[in-house]
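The following questions and answers examine one predicted model. Please consult the sequence and the coordinates alongside the text.

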Amino acid sequence: AAEEGFDIEDVEGAIEAAGHGPLPVLAVVGRPNVGKSTLVNRIIGRREAVVEDKPGVTRDRVTYEAEWAGRRFKVVDTGGWEQDVLGIDASVAAQAEYAIEAADAVVFVVDAKVGATDTDEAVVRLLRKAGKPVVLAANKVDGPSGEADAAYLWNLGLGEPHPVSALHGRGTGDMLDAVLEALPEAPAQTFGTAIGGPRRIALIGRPNVGKSSLLNKVAGEERVVVNEIAGTTRDPVDELIELGGTTWKFVDTAGIRKRVHLQQGADYYASLRTAAAVEKAEVAVVLIDASENISVQDQRIITMAVEAGRAMVIAYNKWDTLDEERRYYLEREIETELGQVAWAPRVNVSARTGRHMEKLVPAIETALAGWETRVPTGRLNAFLGELVSAHPHPIRGGKQPRILFGTQAGTKPPRFVLFASGFIEAGYRRFIERRLREEFGFEGTPIHISVRVRE
Ligand code: GDP
Ligand code: GDP
């Protein structure tokens, strides 16, 4: 590395940064108007339109990446939905419940100017039950005179209230320090799986694509009695199902079965749920209703799974209803709308007739294998060397940027760091990704490539 002009410490740092595993998840919960969205904006350090687009406008985006004191984590924002549908207590509780479930730690936001309300108390009970680490944020303490208000919140029994002003940033640094203490290094749900528990599947898709039908079909008689499996702690919303001789954990199936009929806010609710399920899973099975046009919503759900870095299978359901014409147009749509995830294994199924159910498990296994693939550094560099000499980067400004060497910094999903002598254009990056896929497979998995340029 040294003779290529990179400092060995830079190289190691870059590999470590790129190789991070799945990030721990922080949920920000609380009543409406306490300042959750404002606080999320503060935490992610961007003035995104999280606050502006309220009320009533649905947002699909509910998780954001954040960094504090060199540590990265995800933030789930629950500020974006209508509360007046179920009645305030029920809706706040439901919203908080999903978010808490998906999270490794929680920031509970209370409006210090108002003090603790009954709704706040209800959330406290949920937090106690969930047993996740909680950081209590006493918000709207815009100046020293508000500190006394914050102190009252000791009464909630959640430990020290952290006085903050989400709006002005006051106290948020100290609060974030407390958050880092509360957050585990890696998400509990994931990967460390020392005991080799069942692999976790999120069955996701927009309403009415057939998720609950599919789940019922695959579960069938095979539903596993939890106690039979030694050492499995089961979440009430997860379901263990035996398929193809293996036990799988379908996460967040309660969300599939229990239909929540909401008008307003329903899309946001569904997004939160999807995000939560994806966070908990290793592989996402995205169900698409093949009888209908592929929609923006389908694409957003796919994007969620890809951005979360999960393995992915796409299942086209309701195949029994397709005539020849629809099949023809579906193939065109898949090419144009879903070309960017052509790497995902595909199955054409019918939850109604049971068509191709047996193909689901092999597809999932393929995706998980791709997701865990590790390319040895020697092989990778032999491949890069050949690729660079056969297809050099276009010359820019009289210079030719070159990929000098690379390494795979992590798996689940595969993450690569490439070291280059100059700026590598997006088109060339995509070309490298394509060739990496051709060479090494990576079926069913997103791959990350970051490029470091020599100073
Ligand atoms: P959410 O419904 O909990 O997401 O709350 P929002 O983030 O939308 O904030 C609700 C209102 O409280 C908005 O008008 C914010 O500008 C205001 N707000 C949020 N944080 C603070 C704060 O620290 N101080 C003051 N004074 N107002 C705040
Ligand atoms: P979910 O909202 O995604 O859980 O969807 P459901 O499982 O509730 O299914 C929505 C509707 O589609 C129901 O009327 C199902 O009977 C129907 N459905 C689900 N799968 C199939 C299928 O493979 N073929 C046909 N023809 N209908 C299906």
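Q: Which residues of helix α2 are buried?
A: Helices (H or I, at least four residues) and strands (E, at least two) are DSSP runs, numbered from the N terminus. A residue is buried if 20 or more other C-beta atoms, placed from the backbone, lie within 10 Å of its own, exposed if 12 or fewer, and partly exposed in between. By this criterion the buried residues of α2 are Lys-36, Ser-37, Thr-38, Leu-39, Val-40, Asn-41, Arg-42 and Ile-43.

Q: Why is helix α2 described as largely enclosed by the rest of the structure, and how many of its residues are buried?
A: Helix α2 spans residues 36-44. Its buried residues pack against β1 (25-29), β2 (63-68), β3 (71-77), β4 (105-111), β5 (134-139) and α6 (172-182), a contact being two C-beta atoms, placed from the backbone, within 7 Å. The helix is largely enclosed because the buried count is 8 of the 9 residues.

Q: Which residue follows α2, and what is the sign of its phi?
A: The phi of this residue lies near 70°. The sign is positive, and the residue is Gly-45.

Q: What conventions and confidence limits apply to this model?
A: Residues are numbered from 1 along each chain as its sequence is written, while chains are lettered from A and ligands numbered from 1 in the order in which they are written. The model is predicted: local features need pLDDT of at least 70, side-chain atom pairs count only at pLDDT 80 or more, and totals for chains, interfaces and linings use all residues. Here pLDDT is the predictor's confidence in each residue, from 0 to 100. In the chain, 82% of residues reach 70 or more, and the mean pLDDT is 83.

Q: Which element of the chain has the highest mean pLDDT, and which the lowest?
A: Helix α8 (residues 254-257) has the lowest mean, 62. The highest mean, 98, belongs to β11.

Q: Over which residues does pLDDT stay under 50, and where else is it below 50?
A: One stretch, with 17 contacts beyond four places in sequence in the model, is residues 81-85. Another, with 17 contacts beyond near neighbours in sequence, is residues 221-235.

Q: In what order do the strands of the open sheet of 6 strands run?
A: Two strands pair if DSSP finds at least two bridges between them, and the pairing in this sheet is mixed. The edge strands, each pairing on one side only, are β8 (239-243) and β12 (346-348). The twist averages 30° from one strand to the next. The order is β8-β9-β7-β10-β11-β12.

Q: What angle does the direction of α7 make with that of β8, and what is the angle between α12 and β11?
A: Axes are lines fitted to C-alpha atoms, for helices over the stretch in contact, and angles run from 0 to 180 degrees between N-to-C directions. Helix α7 packs on the sheet, touching β7, β8, β9 (246-250), β10 and β11 (311-317), with an angle of about 60° to β8. Helix α12 (residues 360-371) also packs on the sheet, touching β7, β8, β10, β11 and β12, and its angle with β11 is about 155°.

Q: How many bridges join β10 to β11?
A: Strand β10 (residues 283-289) runs parallel to β7 (residues 199-204), to which 4 bridges join it. Since 6 of its 7 residues are buried, β10 is largely enclosed by the rest of the structure. In β11, the bridge partner of Val-285 is Val-313. The strands β10 and β11 run parallel, and the bridges between them number 7.

Q: Which residue in the turn of the hairpin of β13 and β14 has a positive phi?
A: The antiparallel strands β13 (residues 403-410) and β14 (residues 415-420) are joined by 6 bridges. Gln-408 has Phe-416 as its bridge partner in β14. With 4 residues between the strands, the residue with a phi of about 55° is Lys-412.

Q: Which residues come nearest to ligand 2?
A: A residue is near a molecule if its C-beta atom, placed from the backbone, lies within 6 Å of it. The shell divides into 4 nonpolar, 8 polar and 4 charged residues, where Ala, Val, Leu, Ile, Met, Phe, Trp, Tyr, Cys and Pro count as nonpolar, Asp, Glu, Lys and Arg as charged, and the others, Gly among them, as polar. Helix α7 (residues 211-219) gives the largest share, 3 residues. Of the 16 residues around the ligand, the nearest are Gly-210, Lys-211, Ser-212, Ser-213 and Arg-352.
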